[in-house]
Amino acid sequence: MWPAHDSQGRQVVIHLVSEAGQISAELEALQRLDPEELRSDPRNRTIPILEYIDTDGFVFIVIPR
């Protein structure tokens, strides 16, 4: 994980969730819990994902710090 500031000045963390050529269980779970209809459910206590970054097969998520 890498702490950073995004273009809006927010403190964020960049976290590697899947390596090249693999779809990790963590990435699958995050993608299932991230749609808007689930995000609005008060039982969903996952950290909101601000952005997915897919580069050379590596998938990173950007989350609030």
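Student: Which residue stands opposite V62 in β4?
Tutor: That's E51. Keep in mind that we're looking at a predicted model.

Student: OK, and which strand does β4 pair with over five bridges?
Tutor: Strand β3, residues 51–55, and the pairing is antiparallel. Within that pair, I53 stands opposite F60, and D54 has V59 as its bridge partner.

Student: How many residues sit between β3 and β4?
Tutor: Two, and the strands form a hairpin. In the turn, D56 has a positive phi of about 55°.

Student: What about β2, how many bridges join it to β4?
Tutor: Six, and here too the strands run antiparallel. β2 covers residues 11–18. One facing pair is H15 and I61, with I61 on the β4 side.

Student: So what's the strand order in the sheet?
Tutor: It goes β1-β2-β4-β3, four strands in an open sheet with antiparallel pairing. β1 (2–5) and β3 are at the edges with a single partner strand each, so each has one side without a neighbour in the sheet.

Student: And how much does the twist average from one strand to the next?
Tutor: The average is 30°.

Student: Switching topic: which strands does helix α1 touch?
Tutor: β2, β3 and β4. The helix, residues 25–33, packs on the sheet, and its direction makes about 120° with that of β2.

Student: Can we zoom in on L27? What does it touch, leaving out residues up to four places away in sequence?
Tutor: L27 touches V17, S18, Y52 and V59. L27 also belongs to the largest nonpolar core, along with V17 and V59.

Student: Which others are in that core?
Tutor: V13, L30, I49, I61 and I63 are in there as well, and the core has eight residues in all. As a general point, nonpolar side chains in soluble globular proteins tend to be buried together.

Student: Which elements give two or more residues to the core?
Tutor: β2, α1 and β4 do. β4 gives the most, with three residues.

Student: Back to β4 then. Why is it largely enclosed by the rest of the structure?
Tutor: Because five of its seven residues, in the stretch 58–64, are buried. "Buried" here means under 20% relative accessible area.

Student: Let me put β4 together, then. Which strands does it sit between in the sheet order?
Tutor: Between β2 and β3. Six bridges join β4 to β2, and five pair it with β3. On top of that, helix α1 touches β4 as it packs on the sheet.

Technical notes: Residues are numbered from 1 along each chain as its sequence is written. This is a predicted model: local features need pLDDT of at least 70, side-chain atom pairs count only at pLDDT 80 or more; totals for chains, interfaces and linings use all residues. Side-chain values use heavy atoms; hydrogens and water are left out. Buried means under 20% relative accessible area, exposed over 50%, partly exposed in between (1.4 Å probe, protein chains only). Two strands pair if DSSP finds at least two bridges between them. Axes are lines fitted to C-alpha atoms, for helices over the stretch in contact, and angles run from 0 to 180 degrees between N-to-C directions. Contact means heavy atoms within 4.5 Å. A nonpolar core is a set of buried Ala, Val, Leu, Ile, Met, Phe, Trp, Tyr and Cys residues joined through side-chain atoms within 4.5 Å.
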